[in-house]
Amino acid sequence: MSERERFDLVVIGAGPGGYEAAFEASRLGMTVALIEKEALGGTCLNHGCIPTKSLLHAADLYDEMKRADRFGIHANAVTYDLKAMKERKDDVVLALRDGIAATAKQKKVTVLTGVGVIEGPHTVRVGDEEIEARFILIATGSRAFVPPIPGADLPGVVTSDGLLEQTEPCRRLVIIGGGVIGVEFASLYSRLGAEVTVMEALPRVLSNMDSELSQSLKMQLKKRGVRVLTSARVEEIRRTEEGLTVLYEEKGIRSEQGADRVLIAVGRRPYTEGLFGEHTERPAAERGRILTDEYGRTSVPSLYACGDVTGGVMLAHAAAAEGRNAAAHMRWVLDRERAAGGNREEGAADADSLPESALRTEEELKRSLIDTSVVPSCVYTSPEIASVGLTAAQAKEQGIRTVTKKYVMTANGRTVLSGGERGFIRLVCAGEDGRLLGAQLFCGRAADIAGELADAVVNGLTAGDLGRVIRPHPTFCEAVTEAARS
């Protein structure tokens with residue numbers, strides 16, 4: 001690469017937001033460079049979604065095999081090998097990482113390894129080289145937040161990154177934090193036979209989700225032997241001869257809990273350390289998150305941001321959608337500039353040879369973008385949990401009258417034949433016209449079914465519309481029909 005090579009777009013961070021934006025920009029005819037300091041795929045692929053779900057899948061298989069007698073299958077002396085499970089997880093990660101690299105090559109995206117530092121509105125430095133670009137997209141993601149708990153730096157106290165690398169079984173695990181990461185690891189390690197204790201400072205686990213989902217999960221975890229403590233504030237972690245001891249206060253009573261490992265899973269924070277040069281104009285930010293508009297633009301016109309670094313919904317699919325939308329808006333801006341003769345570069349297309357996107361109005365552009373107002377949230381416990389759109393409580397807060405339709409999965413054929421747990425699907429509809437506002441699911445394949453319901457919310461479908469669809473039998477998704485017609 002030449003010392004001052006020019007691109008239409010330079011993306012800093014190759015997580016889902018970054019690489020999807022790079023691929024979309026390439027598809028739209030832009031020249032793109034993608035910078036990553038570690039491994040392609042970002043947190044989701046290397047330290048988050050994929051590794052966790054790979055281990056959860058293995059743990060679910062192990063748990064199913066131990067309970068196979070109920071299906072007439074006798075599996076004796078079933079054991080697990082955590083080292084082999086990790087190796088399988090690593091193989092999955094590597095295969096998907098290789099897929100991203102192959103796609104980048106096929107789409108002619110220039111991949112650079114190193115730390116990207118923004119030195120100006122159109123300049124990024126990687127090592128000793130400087131790159132010029134019309135646009136820069138910040139997709140640097142987030143990192144695990146470790147609160148200032150005395151003893152949080154002791155050996156055996158880890159974040160999710162550290163726990164994913166463990167190869168030795170854990171007999172006693174304390175999880176500080178009852179959010180998505182915490183409850184998924186609680187589900188994983190309880191299936192592997194560990195004594196798991198979840199400590200959540202708020203009154204309930206999954207506090208940002210519907211209260212019935214939270215309560216149902218708490219009951220399910222307790223059924224599997226997980227000790228769930230809410231309104232519990234951790235005061236200190238100590239090293240003892242037996243391992244680790246977590247000192248905490250629960251509803252005014254001080255107690256302690258022994259552990260072999262302690263997982264700190266209290267959330268993540270936007271990652272911007274070292275991102276800007278000393279004299280670089282920085283975009284507007286709030287509490288560490290970079291502020292953007294609906295297109296991902298920051299207060300510096302040439303800088304965009306997407307994903308966790310903006311502090312919004314910290315989910316891979318949300319970041320990917322935001323990255324794609326940002327790329328589409330950049331293409332639109334670039335085409336209009338070139339059509340008007342502004343910022344014209346050598347080799348830029350003539351106005352009459354530009355793609356149709358250059359002729360769009362902004363309203364037409366908006367209609368072509370992915371709707372990021374409805375982001376499905378999924379928790380890969382057993383049963384799975386998913387939430388889409390508004391809950392009934394949220395609708396009430398907004399002054400919207402609702403009608404709730406609920407179907408309990410104990411009558412669902414697929415749930416019964418597979419030995420599934422009790423669960424439900426609830427649809428929250430507008431009282432005025434039956435339009436679907438949201439849905440909450442606690443059932444098998446909830447994460448897959450959530451996609452259909454997100455489609456319905458975004459496109460303004462009603463309960464009547466959902467109830468007119470024939471869904472295959474026996475499936476988990478046919479419960480959507482039953483709920484809609486209830």
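Me: Is Ala-77 buried or exposed?

Reply: This model is predicted: local features need pLDDT of at least 70, side-chain atom pairs count only at pLDDT 80 or more, and totals for chains, interfaces and linings use all residues. Residues are numbered from 1 along each chain as its sequence is written, and side-chain values use heavy atoms, leaving out hydrogens and water. Buried means under 20% relative accessible area, exposed over 50%, and partly exposed in between (1.4 Å probe, protein chains only). Ala-77 has a relative accessible area of 72%, so Ala-77 is exposed.

Me: Where does Ala-77 lie, and what is its phi?

Reply: Ala-77 is in the loop between H3 and H4; helices (H or I, at least four residues) and strands (E, at least two) are DSSP runs numbered from the N terminus. Most residues other than glycine have a negative phi. Ala-77 is not glycine, yet its phi is positive, near 55 degrees.

Me: Which residue in the loop between E11 and E12 has a positive phi without being glycine?

Reply: The phi value is near 55 degrees. With 27% relative accessibility, the residue counts as partly exposed. Its name is Ser-231.

Me: Which residues of H4 does H3 meet?

Reply: H3 covers residues 49–66 and H4 covers residues 82–106. Contact means heavy atoms within 4.5 Å. From H3 come Ile-50, Pro-51, Ser-54, Leu-55, Ala-58 and Ala-59; in H4 they meet Met-85, Lys-86, Lys-89, Val-92, Val-93 and Leu-96.

Me: Which strands stand at the edges of the five-strand open sheet?

Reply: Two strands pair if DSSP finds at least two bridges between them. The pairing in this sheet is parallel, and the order is E8-E15-E9-E10-E11. Each edge strand has a single partner, so one side of each is left without a neighbour in the sheet. The edge strands are E8 (157–158) and E11 (227–230).

Me: What is the bridge partner of Val-174 in E15?

Reply: E9 (residues 172–176) and E15 (residues 261–264) pair over four bridges in the parallel sense. The partner in E15 is Val-262.

Me: How many residues of E4 are buried, and which residue of E5 stands opposite Gly-116?

Reply: E4 spans residues 116–120 and is mostly covered, with four of its five residues buried. A hairpin of two residues leads from E4 to E5. The two strands run antiparallel and are joined by four bridges. Opposite Gly-116 stands Val-126.

Me: Which residue stands opposite Leu-247 in E14?

Reply: E12, E13 and E14 follow in that order in an open sheet with antiparallel pairing. E12 (232–240) and E14 (253–259) are its edge strands. E13 (residues 243–250) pairs with E14 over seven bridges. In E14, the residue opposite Leu-247 is Glu-256.

Me: Which residues are in contact with Cys-170, leaving aside its neighbours within four places in sequence?

Reply: Cys-170 has its place in the loop between H5 (160–164) and E9. Its relative accessible area is 7%, so Cys-170 is buried. The contacts are Tyr-189, Ala-194, Asp-260 and Arg-261.

Me: Which residue does a cis peptide bond join to His-473?

Reply: Most peptide bonds are trans. Here omega is about 0 degrees. The partner lies in the loop between H13 (463–467) and H14 (478–484). The residue joined to His-473 is Pro-474.

Me: What is omega for the peptide bond from Ser-382 to Pro-383?

Reply: Pro-383 is found in the loop between E20 (377–379) and E21 (384–389). The bond from Ser-382 is cis, with omega near 0 degrees.

Note on methods:
Axes are lines fitted to C-alpha atoms, for helices over the stretch in contact, and angles run from 0 to 180 degrees between N-to-C directions.
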